[in-house]
Amino acid sequence: MNQPLVVALVAGTAVVAAGIFAACWSDAPRARLASLPALGAGAAIAFAGVSRFAAGSQDPSSGQEMAALLVVASLAALLLGLAFSRGHEQA
Amino acid sequence: MDTSLTLILATCAGLAIVGALAAALAPDTWRAAALLLLAAATAGALASLGAGFAALIALIALGAAAPLLAESPVSPRGLPARPAAVAAVPSRRLAAQLGAVGAALILLLFGFAALRVDFLHSSYRGGWLGTAAMGRLLLGHDALAADAVAGLLFVGLVAQTWTGWGRR
């Protein structure tokens with residue numbers, strides 16, 4: 001495994017780990033929901049790094065595409081989580 | 001990948017970690033700023049990896065999460081968080097009127113462009129963002145994945161609208 005790929009993977013994994021820590025640490029629902037963008041961001045960094053530096057990469061744009069889809073999916077999950085939280089508060 | 005790009009990637013990743021941790025550990029008033037830091041740092045990391053299109057999308061999508069989590073219209077006990085909610089109505093009405101005027105101006109601009117402006121006849125390769133390749137992937141090769149994410153985003157927006165409507 002070459003050095004830049006390791007750097008990108010470690011960076012993405014560290015952001016994901018920070019998101020998991022944030023999700024587990026706080027009891028407040030909004031603070032837990034704030035970890036969703038971090039999880040998506042970390043996974044996006046890892047995908048973009050693998051797409052650029054992986055030796056067997058046939059399509060260099062696929063990782064960038066997955067990164068874009070992941071951050072949008074994390075925003076959608078955040079919207080759903082906020083809606084569920086608000087519905088639970090109203091009930 | 002040279003040393004400077006590695007340093008930029010590591011710095012942006014570190015800032016993203018700080019933003020993610022601050023969003024959960026810092027006081028609620030700092031959450032929006034922490035999420036904006038996370039969005040900017042993620043966009044920087046993706047841009048340093050040569051993913052300009054993903055960086056732009058990350059800046060928009062993760063930046064949109066900041067106002068969503070910053071403003072708390074409902075308190076944890078289900079009561080309105082703003083006691084002066086009635087006083088906020090005129091400002092919202094003004095914002096809606098400004099938005100309507102802006103939409104009308106955009107409509108006029110597009111109408112003028114459609115009627116009077118001609119397109120430049122040259123080959124467009126997608127620019128430095130790689131939008132041509134990303135468009136081929138998102139709208140052609142992996143259209144089902146883009147549709148699935150768009151559907152998820154649509155369901156989230158509908159759920160937000162539904163719960164907000166019930167709150168009023």
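These are my notebook entries on how chain A and chain B meet in this structure.

**Entry 1, the model.** I'm working with a predicted model here.

**Entry 2, the contact.** I started by asking how many residues of each chain are in contact. I got 59 residues of chain B in contact with 47 residues of chain A.

**Entry 3, the area.** The size of an interface is often given as the accessible area lost when the parts come together, so I looked that up next. Chain B and chain A bury about 4400 Å² between them, and 78% of that lies on carbon and sulfur atoms. Which three residues of chain B supply more of its buried area than any other three? They are Leu49(B), Leu69(B) and Gln160(B), with 13% of what chain B buries against chain A.

**Entry 4, polar links.** I looked for salt bridges between chain B and chain A and the count was zero. Polar contacts do turn up: seven residue pairs across the interface.

**Entry 5, chain B's side.** Helices H1, H2, H3, H5 and H6 of chain B each give at least two residues to the side that touches chain A. H6(B) has the largest share, 14 residues. Sorting that side by type, I noted 42 nonpolar residues, 13 polar and four charged.

**Entry 6, the core.** The largest nonpolar core has 53 residues. Among those with the most contacts inside it are Ile45(A) and Val71(A), along with Leu9(B) and Leu46(B). Leu49(B) and Leu69(B) are on that list too, and I'd already met both in the buried area. From chain A, H1, H3 and H4 each supply at least two core residues; from chain B, H1, H2, H3, H5 and H6 each do so.

Key: Residues numbered from 1 in each chain as written. Chains lettered and ligands numbered in written order. Predicted model: local features only at pLDDT ≥ 70, side-chain atom pairs only at ≥ 80, totals over all residues. Heavy atoms only, no water. Core = buried A, V, L, I, M, F, W, Y, C linked by side-chain atoms within 4.5 Å. Buried < 20%, exposed > 50% of the residue type's maximum accessible area, 1.4 Å probe, protein only. Contact = heavy atoms within 4.5 Å. Buried area = accessible area lost by both parts, 1.4 Å probe. Salt bridge = Lys/Arg side-chain N within 4 Å of Asp/Glu carboxyl O. Polar contact = N/O pair within 3.5 Å; in protein donor to acceptor, adjacent residues only side chain to side chain. Nonpolar A, V, L, I, M, F, W, Y, C, P; charged D, E, K, R; others polar.
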